[in-house]
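Dear colleague,

Please find the structure below, with the sequence. A short account of what was found in it follows.

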Amino acid sequence: MGRVLQTGGWIGEEAGPDVYVDQKEQVFPTLSSEMIDRMEPYGRIRSFEAGAFLYRSGERGVDLHVVLEGAVEILSDSLDEEPSVVVTYGRHQFTGEFDQLSRRATLVSARAVQPARVLCFDRADFRRLTEAQPDIADILWRALILRRQGMIQNAVGGTILIGSRVDPEFLRIGRFLSRNGCPHRQLDIDEDPDARRLLAAAGAGADDLPVVIVGGRAVLRHPDDRNLSDTLGVSEPVDADHIHDLAVIGAGPAGLAAAVGAASEGVDTIVVDTVGPGGQAGTSSRIENYPGFPLGLSGQTLAAKALVQAQKFGARLMVARGIEAIECERCPFVLRLDSGERITARAVLVAVGATYRSLELDGIDRFHGRGIHHAATGMEAKLCHDADVVVVGGGNSAGQAALFLSSHARHVHVLVRGSELADTMSDYLLRRLEASDRISIHTGATVTGLDGDSALTRVRWSCRDGTERLAEASNLFLMLGAVPNTGWLRGCVELDRHGFVLTGEADGVGTGRYRTSRPGIFAAGDVRSGSVKRVAAAVGEGAVVLSEIHRWLSASCGRSGPR
């Protein structure tokens with residue numbers, strides 16, 4: 001067997017990076033002969049000559065292969081080196097990792113080491129097998145999920161991001177890759193000796209940075225999110241003629257909770273998001289009041305776990321796509337994406353993200369991405385080592401950011417416009433902020449100026465008593481809430497004066513809390529007017545709205561209703 005994946009991170013990060021290191025038997029199990037006999041009726045047997053590829057990186061919809069005879073090696077491609085062997089599977093072991101079964105492009109290749117005879121399962125075969133043989137399903141699913149975690153931890157797949165850690169585009173790309181569970185290495189052009197060598201091998205120069213190298217297949221210069229998504233195969237392809245039961249717009253806690261529930265009940269579900277799973281919650285470094293996680297977990301971890309569940313049940317995901325318009329005069333509805341693609345669905349759940357609020361301050365735009373951030377994750381924390389930072393905001397997201405950053409920065413200044421935090425922040429967070437000697441809370445504070453040339457260097461703010469303070473801070477975190485991205489819904493459903501979706505309407509089937517003024521279109525989570533802006537509340541709404549969606553699908557524009 002080749003080098004063994006060390007697993008951790010992504011969906012297991014809350015328990016520490018080594019949580020799965022010693023679970024080799026779960027990551028690379030060997031199935032019993034009795035299990036193989038039960039699996040055979042669901043698959044098909046194929047034979048491969050020595051050296052033949054079962055599949056290559058970049059292919060979509062590749063099969064899961066159980067080795068009956070011979071051996072199969074998994075290869076990770078590289079731009080300037082021979083492919084490296086990640087692992088070799090022998091008799092009664094199986095290939096694959098989680099993304100292979102979600103129509104995303106595979107990141108590795110599989111090659112027969114010697115003449116091999118394998119039992120193959122495509123996506124439909126695999127679903128039938130796992131539904132009929134739950135004990136085998138548990139072994140397969142656990143291994144596939146843990147392997148994806150190991151790929152992320154070990155940067156398997158050959159994707160490399162090269163650039164400067166202070167470049168806002170480098171940070172944006174890194175966030176996109178991390179949020180979408182894409183294994184990758186990040187190389188700082190000024191610090192990593194391999195960076196310039198790989199840049200030269202890619203035929204790129206300093207003017208092309210940031211550069212993303214995708215295995216031995218592609219070199220992307222200044223890529224936007226859609227370019228990344230399409231090249232890496234992150235988004236699943238969509239058929240414009242296919243009519244989905246449910247289109248979930250937004251992959252935050254509410255949207256993902258709805259997708260899990262809907263897909264698990266056989267509802268043909270597609271999820272669309274402009275960035276990737278998580279929504280605003282995905283930027284939270286630590287959530288400690290979510291039920292079932294006494295040690296807390298990051299918003300990205302919570303979203304990744306929910307996405308795995310949704311995809312396990314068959315939900316599809318499209319990322320780096322925004323909704324440009326909706327044709328809502330008749331059902332099924334047609335959603336036109338900014339990529340030019342179309343999605344048709346009998347029901348639509350609006351659980352969209354939002355545009356982050358900023359400060360009304362002269363010259364602030366030039367510091368966005370150059371010291372000003374709207375998220376406090378591990379990437380941003382690396383920029384704050386042994387330095388002062390400023391967090392602006394009085395909600396839980398600001399408190400979570402301050403606590404997380406205090407373990408990296410020299411000191412954290414929390415600026416709150418109001419006079420009290422107790423009205424806007426959970427008590428447990430407030431008490432922890434007040435107990436930290438590395439955090440100072442400034443109430444009645446307003447940012448009055450930002451200094452710096454190419455990047456932020458100082459933050460000035462005024463206090464209620466008229467005095468002014470100055471911090472030598474190169475990083476300012478704005479946790480000021482957001483404005484809902486609902487412009488595409490105007491003229492289709494009723495919105496309140498702030499742009500949030502009004503619900504509680506009748507649709508011909510009945511009156512429901514999550515129904516909008518347009519029958520067949522629902523809203524849940526933070527985007528809904530009057531909702532409680534908490535992660536657990538959004539998850540609850542995403543689960544509860546399904547009962548209303550089911551009634552609509554069965555009685556109106558559903559599978560047995562009018563087309």
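Helix H11 is a convenient place to begin. Its buried residues (under 20% relative accessible area, 1.4 Å probe, protein chains only) are covered by elements including helix H10 (378-381), strand E20 (388-392), strand E21 (411-416), helix H12 (427-435), strand E22 (439-443) and strand E26 (473-478). Helices (H or I, at least four residues) and strands (E, at least two) are DSSP runs numbered from the N terminus. H11 spans residues 396-406, and 9 of its 11 residues are buried, so the helix is largely enclosed by the rest of the structure. Among the buried residues are Asn396, Gln400 and Leu405.

This is a predicted model, in which local features need pLDDT of at least 70 and side-chain atom pairs count only at pLDDT 80 or more, while totals for chains, interfaces and linings use all residues. Residues are numbered from 1 along each chain as its sequence is written, and side-chain values use heavy atoms, without hydrogens and water.

The mean pLDDT (the predictor's confidence in each residue, from 0 to 100) is 87, and 92% of the residues reach 70 or more. Over residues 1-22, however, pLDDT stays under 50.

The largest nonpolar core (buried Ala, Val, Leu, Ile, Met, Phe, Trp, Tyr and Cys residues joined through side-chain atoms within 4.5 Å) has 73 residues, and Ile326 and Val350 have the most contacts inside it. Helix H8 (residues 253-264) supplies the largest share of this core, 7 residues. Apart from it lies another core of 23 residues, including Ala409, Met425, Leu429 and Met479.

Yours sincerely

Key: Contact means heavy atoms within 4.5 Å. Buried means under 20% relative accessible area, exposed over 50%, partly exposed in between (1.4 Å probe, protein chains only).
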